[in-house]
Amino acid sequence: MDITLEELLKARDERASYEKKLLARYPGACLAVFTVVVPGADKTTPEAARLFSAGIRALGDFFRRYELVPLFYEAREPVTGYEAYIVLKTDASFLKMELVKLESKAPYGRLWDMDVISSKGAHLSREDIGFPERCCIVCGKAGRACASRRLHTPEDVQTAFLKLVNTLPQDAE
């Protein structure tokens with residue numbers, strides 16, 4: 001189902017509002033928000049669903065490895081794209097560092113967006129913890145520069161997206 005820019009912007013605002021509510025409900029905890037980077041107007045494609053499922057499994061493995069027990073977990077499937085909210089009682093910088101490593105571990109991990117928000121509401125960036133910004137999925141250069149200037153055609157971006165999706169194991173359903 002294709003969505004409009006207005007729907008996408010409204011969903012982003014609603015997500016930000018929900019994040020604030022969760023942080024208020026769980027004082028002293030940080031929040032991980034997981035979404036999938038999907039080019040184009042349809043954000044709930046079968047490929048997006050596979051990427052989301054693989055990310056949820058990777059997060060579960062991470063939580064078990066570090067014996068982290070979420071205080072709250074919710075996965076949503078709005079037409080504007082899959083999203084998950086996980087509230088944890090852990091250090092936000094540690095969590096961001098580990099989630100960036102998780103994103104970097106698999107070739108398709110570039111299509112995961114795992115944000116971390118501290119208990120005080122600060123969004124931690126990759127740069128905050130010493131990592132470079134995300135690279136462009138088409139050319140490998142700084143991603144924000146390519147995206148903001150629309151340096152690649154939608155077809156090139158879609159082709160690069162599908163190439164990364166095709167690195168997912170076949171059992172990642």
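**Close-up views of a predicted five-stranded protein**

**View 1. The hairpin of strand 2 and strand 3 holds a glycine with positive phi**. Six residues lie between the two strands of this hairpin, and Gly 81 adopts a positive phi near 125°. Helices (H or I, at least four residues) and strands (E, at least two) are DSSP runs, numbered from the N terminus. The structure is a predicted model, in which local features need pLDDT of at least 70 and side-chain atom pairs count only at pLDDT 80 or more, whereas totals for chains, interfaces and linings use all residues. Residues are numbered from 1 along each chain as its sequence is written, and side-chain values use heavy atoms, with hydrogens and water left out. Strand 2 (residues 72–76) and strand 3 run antiparallel and are joined by five bridges. Across this pairing, Ala 75 stands opposite Ala 84, and Arg 76 stands opposite Glu 83.

**View 2. Strand 3 is covered on both faces**. Six of the six residues of strand 3 (residues 83–88) are buried, so this strand is largely enclosed by the rest of the structure. Buried means under 20% relative accessible area, exposed over 50%, and partly exposed in between (1.4 Å probe, protein chains only). Glu 83, Tyr 85 and Val 87 lie on one side, with Ala 84, Ile 86 and Leu 88 on the other. In a regular strand the side chains alternate between the two faces of the sheet.

**View 3. Strand 1 pairs with strand 3 and with strand 4**. Strand 1 (residues 30–36) is antiparallel to strand 3 over six bridges, and Leu 31 has Val 87 of strand 3 as its bridge partner. Six bridges also link strand 1 to strand 4 (residues 112–117) in the antiparallel sense; here Ala 32 stands opposite Val 116. Seven of the seven residues of strand 1 are buried, so strand 1 is largely enclosed by the rest of the structure. Cys 30, Ala 32, Phe 34 and Val 36 point one way, while Leu 31, Val 33 and Thr 35 point the other way.

**View 4. Five strands form an open antiparallel sheet**. The strand order is 2-3-1-4-5. Strand 2 and strand 5 (123–124) are the edge strands, each pairing on one side only. Two strands pair if DSSP finds at least two bridges between them.

**View 5. Tyr 18 of helix 1 contacts residues that include Tyr 85**. Tyr 18 is found in helix 1 (residues 5–25) and, at 14% relative accessibility, counts as buried. With neighbours within four places in sequence left aside, Tyr 18 is in contact (heavy atoms within 4.5 Å) with Phe 72, Glu 74, Arg 76 and Tyr 85. Tyr 18 and Tyr 85 are 67 residues apart in sequence, and their C-alpha atoms are 9.4 Å apart in space.

**View 6. The whole chain gives the setting of the close-ups.** The protein has five helices and five strands, which follow the pattern α-β-α-β-β-α-β-β-α-α along the sequence. Its radius of gyration is 16 Å, close to the 16 Å that the globule rule gives for 173 residues, so the protein is as compact as a globular protein of that length. This radius is taken over C-alpha atoms, and the globule rule is 2.2 Å times the number of residues to the power 0.38. Of the 173 residues, 42% count as buried. Among contacts with a separation of 6 or more, 65% are between residues 24 or more positions apart.
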